[in-house]
Amino acid sequence: MTEKDVETVILTETEGENDVGIPPMYKILLLNDDFTPMDFVVEVLRLFFSMSQEQAMQVMLKVHTEGAAVCGVYPSDIASTKVNQVIEFARSNQHPLRCVMEEN
């Protein structure tokens, strides 16, 4: 095998690795409702999205004033898990908070 042959094999193998690509990312959105307390929304943002108190307050106010806000962007499996955790936590605390994911 010549040096050029080795170079061709390495390039071919490397190109195949890039075909996988980056997985699609999903936005997680909290949706406004007229019943979930603002303090509870802040708690959700801090617990499940690791936001500071100030960040959580800003996002909560955006949900309140604009109807929805992005809480984070994650690969599909992580986004799905977080959505389910938020919904389960809200239901267990008897709040109708809605959380959805959509492709970024």
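A residue counts as buried under 20% relative accessible area, as exposed over 50%, and as partly exposed in between. Keep that in mind for this tour of a predicted model.

**Stop 1: the salt bridge**

Select Lys-27 to begin. Its relative accessibility is 21%, so Lys-27 counts as partly exposed. Now add Glu-102: the two side chains meet in a salt bridge, 3.4 Å from N to O. How many salt bridges does the structure hold? Just one. Color the strands and you'll see what it links: Lys-27 sits in strand S1 (residues 25-31) and Glu-102 in strand S3 (residues 98-103), 75 residues apart. Glu-102 comes out at 37% relative accessibility, so Glu-102 is partly exposed too.

**Stop 2: Phe-48 and Phe-89**

Time for the rings. The count here is three aromatic pairs. Show Phe-48 and Phe-89 as sticks: the ring centres are 5.4 Å apart and the planes stand at 65°, so this pair is edge-to-face. The cut-off behind that label is an angle over 60 degrees. Phe-48 belongs to helix H2 (residues 38-49) and Phe-89 to helix H4 (residues 76-92), so 41 residues separate two partners from distant parts of the chain. Buried or exposed? Both Phe-48 and Phe-89 are buried. While you're here, add Phe-40, which forms one aromatic cluster with Phe-48 and Phe-89.

**Stop 3: Phe-49 and Tyr-74**

Step along to Phe-49 and bring up Tyr-74 with it. Here the centres are 6.5 Å apart and the planes at 40°, so the pair counts as tilted. Phe-49 lies in helix H2 and Tyr-74 in strand S2 (residues 68-75), so this pair ties together parts that are 25 residues apart in sequence. Toggle the surface and check each one. Phe-49 has a relative accessible area of 7%, which makes it buried. Tyr-74, at 18% relative accessibility, counts as buried as well.

Don't leave Phe-49 yet. Which residue lies over its face? Select Lys-82: it sits 5.5 Å from the centre of the Phe-49 ring.

**Stop 4: H2 against H3**

Hide the side chains and go back to the cartoon. Pick out H2 along with helix H3 (residues 53-66). The two pack with their axes 9 Å apart, at an angle of about 125°. Why does this pair count as oblique? Angles from 65 to 115 degrees are roughly perpendicular and those over 145 roughly antiparallel, and H2 and H3 are therefore oblique to each other. Turn the view to look through both helices: the crossing of H2 and H3 is right-handed.

Definitions and conventions: Residues numbered from 1 in each chain as written. Predicted model: local features only at pLDDT ≥ 70, side-chain atom pairs only at ≥ 80, totals over all residues. Heavy atoms only, no water. Phe/Tyr/Trp six-rings, centres within 6.5 Å; stacked < 30°, edge-to-face > 60°. Helix = DSSP H or I, 4+ residues; strand = E, 2+ residues; numbered from the N terminus. Buried < 20%, exposed > 50% of the residue type's maximum accessible area, 1.4 Å probe, protein only. Lys NZ or Arg CZ within 6 Å of the ring centre and 35° of its normal. Salt bridge = Lys/Arg side-chain N within 4 Å of Asp/Glu carboxyl O. Axes fitted to C-alpha atoms, helices over the stretch in contact; angles between N-to-C directions. Parallel < 35°, antiparallel > 145°, perpendicular 65-115°, else oblique. Left-handed = near helix turned anticlockwise from the far one by under 90°.
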